[in-house]
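Reader: Could you walk me through a few of the helices and strands here, and take my questions as they come up?

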Amino acid sequence: EPDLEHIPIASLGTSEAHGNFLGLANFEMHQGQQKCTLIRVRTKMDDSNEIYPFVRLLPTLLHEFAHATREKERVIDSSTTRRKVKKHGKDAHDQEFYVHFRRILKKAENLGIYSLPKNANKYNLHNIKRFDDIDLAVCDDSQCGTSQLYLNDGSLVSDQTVSKSRDTPLRLEIIDSRGRRKGIILDVRSIDNLLKISKKKFNMRPNPKKVQDLSGHTLNEEDLLSTEDDTTLRIV
């Protein structure tokens, strides 16, 4: 396993970005082995100084980590020939890459760093590839995933704040797509929990995927932590 802790991470300028890529991993040959020497992530939106929400940058960084770990394993398993290194460069997003990406995503979720969007089979390799094809620069917030440890500005949520806020009951009015209204008490403040309760209350088919306020804004975990009692939310 490469020592990811010692791979430098830098900002990727908008002029350096290729297509919609938000991240790039640089590799160099060192003593006959190809190693990742730098990971760069585009942090600023095009034509502005506005920073991307941190939850959009996390999966990009984890994606680049998968490149670094995958290349190292290929070098160890192969005879480190130039032919095989060249082959890797031509097929950087094959099934082997997504096996590594899945492993890193699972580890990130276990640590509370980052979780993929809610999906019953989210760790299926096909679904991971579909997620990886999403343009995180412009997609809806609900498609970006969530983080228990980090706010959108990249600052850490203190353990005390997370524990107290998530476990504080929340009284809500929820509305489904047909305009039906129900009053509920949310014992644990999480989007997944709210969607499960809403599905049961309204007997929803297919399963609901988003929680929105009345203005149409899709709520994330951070929004739900700051939601006041007696707020009306739309389930879609």
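Author: What follows is a talk through two helices, a sheet and one loop residue of this predicted model.

Reader: Let's begin with α6: which of its residues are buried?

Author: In α6, which covers residues 191–202, the buried residues are I191, L194, L195, S198 and F202. They cover an arc of only 100° around the axis, which puts them on the same side of α6.

Reader: Why would residues with that kind of spacing end up together, generally speaking?

Author: An α-helix has 3.6 residues a turn, so residues three or four places apart point the same way.

Reader: And what covers the buried residues of α6?

Author: The cover includes the strands β4 (170–175), β5 (181–186), β6 (211–212) and β7 (231–235), together with the helix α7 (221–225). On the face turned away from the buried side, α6 carries the exposed residues K196 and K200.

Reader: What span should α6 have, going by its twelve residues?

Author: At 1.5 Å a residue the expected span is 16 Å, and the end C-alpha atoms of α6 are 16 Å apart, which agrees. The helix is followed by N203, whose phi is positive, near 50°.

Reader: Moving to α4, which residues are buried there?

Author: In α4, residues 125–132, the buried ones are L125, N127, I128, F131 and D132. Seen down the helix axis they fall within an arc of 160°, so they line one face of α4, while the face turned away from that buried side carries the exposed residues H126 and R130.

Reader: What happens at the start of α4?

Author: There, a side-chain oxygen of N124 reaches to within 2.8 Å of the backbone nitrogen of H126.

Reader: K122 is in the loop between α3 and α4; is it buried or exposed?

Author: K122 counts as buried because its relative accessibility is 18%, and the cut-off for buried is under 20%. Its side chain makes a polar contact of 2.8 Å with the side chain of E109. Leaving aside neighbours within four places in sequence, K122 is in contact with E109, L116, P117, N127 and I128, and of these N127 and I128 are among the buried residues of α4.

Reader: Changing topic, in what order do the strands of the three-stranded sheet run?

Author: The order is β1-β3-β2, in an open sheet with mixed pairing. β1 (9–11) and β2 (23–30) stand at the edges with a single partner strand each, so one side of each is left without a neighbour in the sheet. From one strand to the next, the twist averages 35°.

Reader: How many bridges join β2 to β3?

Author: Eight bridges join them, and the two strands run antiparallel; one of the pairs puts M29 opposite its bridge partner Q34 in β3.

Notes. Residues are numbered from 1 along each chain as its sequence is written. This is a predicted model: local features need pLDDT of at least 70, side-chain atom pairs count only at pLDDT 80 or more; totals for chains, interfaces and linings use all residues. Side-chain values use heavy atoms; hydrogens and water are left out. Helices (H or I, at least four residues) and strands (E, at least two) are DSSP runs, numbered from the N terminus. The expected span of a helix is 1.5 Å times one less than its number of residues. Buried means under 20% relative accessible area, exposed over 50%, partly exposed in between (1.4 Å probe, protein chains only). The arc is that of the directions from the helix axis to the C-beta atoms. Contact means heavy atoms within 4.5 Å. A polar contact is a pair of N or O atoms within 3.5 Å; within protein, one must be able to donate a hydrogen and the other to accept it, and residues adjacent in sequence count only if both atoms are side-chain atoms. Two strands pair if DSSP finds at least two bridges between them. Axes are lines fitted to C-alpha atoms, for helices over the stretch in contact, and angles run from 0 to 180 degrees between N-to-C directions.
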